[in-house]
Protein chains: 2
Amino acid sequence: MSIPARVTINEVGPRDGLQNEDGFVETGKKVEFIERLAGTGLRRIEAVSFVHPKAIPQMRDASAVMAALPRPEGATYLALVPNEVGARNAIAANTHEIGTVVSASESHNRSNVQRSVAESLNGIAGVAQLAAAAGTPWQGYISTAFGCPYEGDVPSAKVVEIARALVALGATAISLGDTIGAANPRQVSTLIRILRTAIPDTPLRLHFHDTRGTALANVLAALEEGIDSFDGSVGGLGGCPYAPGAAGNVATEDLVYMLHEMGVETGIDLQALVGVARWAEQLVGRPLPGRVKQAGDSLFRGAA
Amino acid sequence: MSIPARVTINEVGPRDGLQNEDGFVETGKKVEFIERLAGTGLRRIEAVSFVHPKAIPQMRDASAVMAALPRPEGATYLALVPNEVGARNAIAANTHEIGTVVSASESHNRSNVQRSVAESLNGIAGVAQLAAAAGTPWQGYISTAFGCPYEGDVPSAKVVEIARALVALGATAISLGDTIGAANPRQVSTLIRILRTAIPDTPLRLHFHDTRGTALANVLAALEEGIDSFDGSVGGLGGCPYAPGAAGNVATEDLVYMLHEMGVETGIDLQALVGVARWAEQLVGRPLPGRVKQAGDSLFRGAA
């Protein structure tokens, strides 16, 4: 089995997770959450999104979170921005990296941000200019890259077209999102090969949901294609608020567990990460779907 | 991606699932459950186990279930037997195929059947003689083949030794059980290759648990090694009563969903199978962990 020896995990719980929670999590708790995550060895954490407070009230304190957050050596904090206003705020908050989102399907993009895909790409051009001027790297997230809750199948040609547009605007990486957990391993393998040909010089990151139990199988298929960067949300916190029936980012600790068991290094302390997953359950006041924390700790082994 | 075009699913819900439920399911309901499963296109169903009624009271009506069960063309009903008494009863009940179990780890075998592995293999020799005399095929299940709740890692040499012993006794297939959901895809790939060399003429079947979310990733690794026969339990019913912390056979409908999405044929009607999973939740009076039935039906596609 030929897979990367080391994988980078991008923790999205504080942003993608919390923004789907109803109750507002106070700023200090958000900061504590992010610090606890960084303490497990996670080096890339999507901390906040700079969105309009009416659209996502949970993220209304994004600037305050970023201001209060200590910046330990080696930690990279990412923020999602929907437009130029968000990008300005993110840059002003000394965000290490910016992420921008566009859906691969028109219907999902309209539902998500009330714009066409072309309009979103125009907006991202503005974000890209601001980021370039500030020297801030930015990555392009392509949502519904493996299936859309409204349109069903998403043509790979559409994903390629958007990825090329994002790279032309200066994206330093492309993240493919299985927003509704509809991807299957064969499709993952195929789409990665197509993108490797279309944008050979741009790193790919994969963002899977475990809605139908296939997340780790899709991770395996991606690993076998050489992908070495994956998103996870601690405990399986979050989902997609605009995708009916969608639930469940893959739990970071389940992802890390499988990688470690296969001998793949992540630099993360799995026991500590499971501890943060349990802490996050108390933070949001409900059980989270991650599997490993329910199975007990006795079987942990493998590389840290 | 090179994987088999067609896969056989062995449904274990009525046996492995129900025997881990506290409340006794009456004979008529068991028969209805099995008939509903057969109605989805499932052709191999582990219907009962012929065990001592004091050991597993849930299965005390195994003979009555087998007697009441219609035998539609093409349906194969399997029964698990722990010893010669069970084998005699299974043969008397016109069971199509017999399964016998031995653990790859001494501690789990002692906990499970109060015997050493060698004593279990001696008992299986008696079962094999009865099966041969009756012309009934039998398969050998190796539990804890990927990890033991008491001993941790299980040496592949031990699995090979037991598999060879079972084949020498006449087993028509070997089923490898990840009893506690501890397998990882690299280990699955490696163990399959080792067994393919050790017992090249005997079909392998794989039995995965989703305790840590890795079941379908392990299925994918096995598919890539050419394995075309997997156990599933509808809804994710059941677990292992003697393995602490173990929960969750992979849900048959989740397995079938992934296979169909990848273009692999199973002969099973997925929508109908999800219907049986929901029916099984009412049968046992609790929600079952299978993921696909929680995600809604809108995305089903692929081969039947």
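Here is a short run of questions and answers about the predicted two-chain model shown above.

This is a predicted model, where local features need pLDDT of at least 70 and side-chain atom pairs count only at pLDDT 80 or more, while totals for chains, interfaces and linings use all residues. Residues are numbered from 1 along each chain as written, chains are lettered from A and ligands numbered from 1 in the order written, and side-chain values use heavy atoms, leaving out hydrogens and water.

Q: What makes the radius of gyration of chain A agree with that of a compact globule?
A: Start with the rule: the radius is taken over C-alpha atoms, and the globule value is 2.2 Å times the number of residues to the power 0.38. For 304 residues that comes out near 19 Å, and chain A has 18 Å, so the two agree. The C-alpha trace of chain A spans about 50 × 45 × 35 Å along its principal axes.

Q: How many helices and strands does chain A have, and what counts as one?
A: Chain A has 12 helices and eight strands. They are DSSP runs numbered from the N terminus: H or I over at least four residues for a helix, E over at least two for a strand.

Q: Why is A:Gln19 called buried or exposed?
A: The cut-offs go by relative accessible area: buried is under 20%, exposed is over 50%, and partly exposed is in between (1.4 Å probe, protein chains only). A:Gln19 has 14%, so it counts as buried. You'll find A:Gln19 in the loop between helix H1 (13–17) and helix H2 (27–38) of chain A.

Q: Which residues does A:Gln19 touch?
A: Leaving out residues up to four places away in sequence, A:Gln19 touches A:Ser49, A:Ile56, A:Gln58 and A:Met59. A contact here means heavy atoms within 4.5 Å.

Q: What about A:Gly248: buried or exposed?
A: A:Gly248 has a relative accessibility of 11%, so it counts as buried. A:Gly248 sits in the loop between strand E8 (229–232) and helix H10 (252–261) of chain A. Across chain A, buried residues make up 62% of the 304 residues.

Q: Why is A:Ala64 called partly exposed?
A: A:Ala64 comes in at 37%, so it falls in the in-between class. A:Ala64 belongs to helix H3 (residues 62–68) of chain A. From A:Ala64 to A:Lys30 you count 34 residues in sequence and 10 Å in space, C-alpha to C-alpha.

Q: And what makes B:Gly275 partly exposed?
A: The relative accessible area of B:Gly275 is 36%, so it too is partly exposed. B:Gly275 is part of helix H11 (residues 270–284) of chain B.

Q: Why is B:Asn94 called exposed, and where does it lie?
A: B:Asn94 has 56% relative accessibility, so it counts as exposed. B:Asn94 lies in the loop between helix H4 (84–92) and strand E4 (97–103) of chain B. Its phi is near 60 degrees, a positive value in a residue other than glycine.

Q: What makes B:Gln114 exposed?
A: B:Gln114 has a relative accessible area of 60%, so it passes the cut-off for exposed. B:Gln114 is in the loop between helix H5 (106–113) and helix H6 (117–134) of chain B, and its phi is near 55 degrees, again a positive value in a residue other than glycine.

Q: How do you know that helix H10 of chain B is largely enclosed?
A: Of the 10 residues in helix H10 (residues 252–261) of chain B, 10 are buried, so the rest of the structure largely encloses it. Among them are B:Thr252, B:Tyr257 and B:Glu261. Just after H10(B), B:Gly263 takes a positive phi of about 85 degrees.

Q: Why is the relation between chain A and chain B called a two-fold axis?
A: A rotation of 180 degrees with 0.0 Å of shift along its axis superposes chain A on chain B, with RMSD 0.0 Å. That is the relation of a two-fold axis. In chain A, the C-alpha nearest the axis belongs to A:Ala217, 1.8 Å away. The superposition is by least squares on C-alpha atoms of residues with pLDDT of at least 70 in both copies.

Q: How do you know that the copies meet through the same surface?
A: Of the interface residues of chain A, 100% are also interface residues in chain B, so the surface is the same on both copies.
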